[in-house]
Amino acid sequence: MRIDILDDYFDTIRTLSCFSMLDGHDVTVWNDHAQDDDTLAERLKDTEVLVLIRERTKIRKSLLERLPNLKHISQRSVFPHIDIDACTANGVVVSSNQHSDTPSFATAELTWGLVLAGMRQIPQQMASLKRGEWQSGVGNSVRGHTLGVYGYGRIGRVVLEYGKLFGMKTVIWASEGSRERAREDGWDVAASREEFFETCDVLSLHLRLYDSTRGIVTAADLARMKPTSLLVNTSRSGLIETGALENGLLAGRPGRAAVDVYDDEPMRDTDHPLLNMDNVVCTPHIGYVTVEDFNAQFSDIFEQVQAFAAGAPIHVVNPAAQE
């Protein structure tokens with residue numbers, strides 16, 4: 001089968017041990033990012049199976065209708081970037097393993113790295129050394145401070161455990177059902193949303209982005225945060241009301257931020273406000289980008305391709321496409 005893999009920025013996938021699962025197929029790996037329909041339609045005109053890396057490329061009806069040979073899309077995790085109805089209408093089977101029993105430890109680890117980098121001003125201190133200077137300021141310890149996790153999913157629970165190991169007080173805010181599960185698991189839950197934002201020294205977002213969670217963190221929420229607090233976002237930029245974080249940082253609440261996600265990705269705008277604030281640590285959406293995480297992710301994705309090629313697709317999210 002003709003298989004195309006999009007958005008492999010550093011040509012990493014060929015180096016993974018699981019890449020051998022595609023032996024015998026005609027595989028093309030694209031290392032740049034393209035979103036316009038004309039470019040993608042030309043590239044993928046002969047594609048039978050399309051492999052996606054998370055949500056890097058949107059697959060919409062206007063594109064699907066120009067890909068007559070496409071029969072299968074294989075990816076992992078959620079799929080807000082794929083028009084599932086259009087896939088079904090065009091007979092394209094979508095497979096996506098939700099890996100509900102395996103948290104992304106890589107994302108949790110990066111989250112904790114950003115917590116320490118933000119609280120101890122590690123990038124700023126490095127920049128000071130590179131300028132030929134010495135210490136540029138005084139950071140904060142995490143021990144004894146309050147870590148708040150917004151969301152009680154797989155990654156959020158791991159981050160809570162990290163906070164506990166570092167001697168932090170921990171508190172949860174989430175949907176009513178998630179708050180109840182957190183209580184049952186022995187975690188402290190904030191008495192109210194307002195108290196949550198007011199008391200956290202470090203507040204980390206761990207929610208999936210749906211219509212119901214888009215903009216769930218508002219400017220009013222951020223205005224309640226301490227001027228010494230750190231907001232960390234390794235989930236999705238859209239969870240925060242548009243412009244609220246930038247404006248909040250300028251106003252001094254929160255006092256600092258550490259972010260791995262942006263409204264438009266890949267984000268290469270060197271004039272982006274967050275890149276030009278001394279109180280912000282920025283990374284280029286690398287939460288899940290490790291060799292170990294990629295091997296786990298693409299083993300699942302390529303297993304789905306193998307199953308489709310064998311005529312028995314698995315983890316199908318649109319079974320009507322097979323009718």
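# Exercises on two sheets and their helices

Gln 121 comes right after helix H4 and has a positive phi, near 55°. Helices (H or I, at least four residues) and strands (E, at least two) are DSSP runs, numbered from the N terminus. The model is predicted: local features need pLDDT of at least 70 and side-chain atom pairs pLDDT 80 or more, while totals for chains, interfaces and linings use all residues. Residues are numbered from 1 along each chain as its sequence is written, and side-chain values use heavy atoms, with hydrogens and water left out.

## Exercise 1: the length of H4

Find what span the 16 residues of H4 should have, and compare the end C-alpha atoms.

Solution. Start with the rule: the expected span is 1.5 Å times one less than the number of residues. For H4 that gives 22 Å. Now check the model. The end C-alpha atoms of H4 are 22 Å apart, so the two values agree.

## Exercise 2: H4 against H5

Describe how H4 and H5 pack.

Solution. Take the geometry to begin with. H4 covers residues 105-120 and H5 covers residues 122-130. Their axes are 5 Å apart and make an angle of about 55°. Axes are lines fitted to C-alpha atoms, for helices over the stretch in contact; angles run from 0 to 180 degrees between N-to-C directions.

Next, name the arrangement. H4 is therefore oblique to H5. (Under 35 degrees is roughly parallel, over 145 roughly antiparallel, 65 to 115 roughly perpendicular, and the rest oblique.)

Then list the contacts, meaning heavy atoms within 4.5 Å. H4 brings Leu 116, Ala 117 and Arg 120; H5 brings Ile 122, Pro 123 and Gln 125. By class, this contact has four nonpolar residues, one polar and one charged. (Ala, Val, Leu, Ile, Met, Phe, Trp, Tyr, Cys and Pro count as nonpolar; Asp, Glu, Lys and Arg as charged; the others, Gly among them, as polar.)

## Exercise 3: the six-strand sheet

Give the strand order of the six-strand sheet, its edges and the helices that lie across its strands.

Solution. Write the order: E7-E6-E8-E9-E10-E11. The sheet is open, and its pairing is parallel. Two strands pair if DSSP finds at least two bridges between them.

Find the edges. E7 (169-173) and E11 (280-282) each have a single partner strand, so one side of each has no neighbour in the sheet. On average, neighbouring strands here are turned by 15° against each other, direction ignored.

Zoom in on one pair. E6 (residues 146-150) joins E7 over five bridges, in the parallel sense. Val 149 has Ile 172 in E7 as its bridge partner.

Add the helices. H4 lies across E6, E8 (202-205), E9 (230-233), E10 (256-259) and E11, at about 155° to E9. H10 (residues 244-251) lies across E9, E10 and E11, at about 150° to E10.

## Exercise 4: buried residues of H10

Which residues of H10 are buried, and what covers them?

Solution. Buried means under 20% relative accessible area, exposed over 50%, and partly exposed in between (1.4 Å probe, protein chains only). In H10 the buried residues are Ala 244, Leu 245, Glu 246, Gly 248 and Leu 249. Their cover includes H9 (219-223), E9, E10 and E11. Just past H10, Gly 252 has a positive phi of about 95°.

## Exercise 5: the five-strand sheet

Describe the five-strand sheet in the way used above.

Solution. The order is E2-E1-E3-E4-E5, in an open sheet with parallel pairing. E2 (26-29) and E5 (93-97) are the edges: each has a single partner strand, so one side of each is left without a neighbour. The average turn between neighbouring strands is 20°, direction ignored. E1 (residues 2-5) and E3 (residues 49-51) pair in the parallel sense over three bridges. Ile 5 has Val 51 in E3 as its bridge partner. H11 (residues 291-309) lies across E1, E3, E4 (72-76) and E5, at about 155° to E4.

## Exercise 6: special backbone spots

Locate two cis peptide bonds and two positive phi values.

Solution.

- Arg 253 to Pro 254 is cis, with omega near 0°. Pro 254 sits in the loop between H10 and E10.
- Glu 265 to Pro 266 is cis, with omega near -5°. Pro 266 sits in the loop between E10 and E11.
- Asp 7 is not a glycine, yet its phi is about 65°. Asp 7 lies in the loop between E1 and E2 and counts as buried at 2% relative accessibility.
- Arg 54 has a phi near 50°. Arg 54 lies in the loop between E3 and H2 (61-64) and is buried, at 11% relative accessible area.
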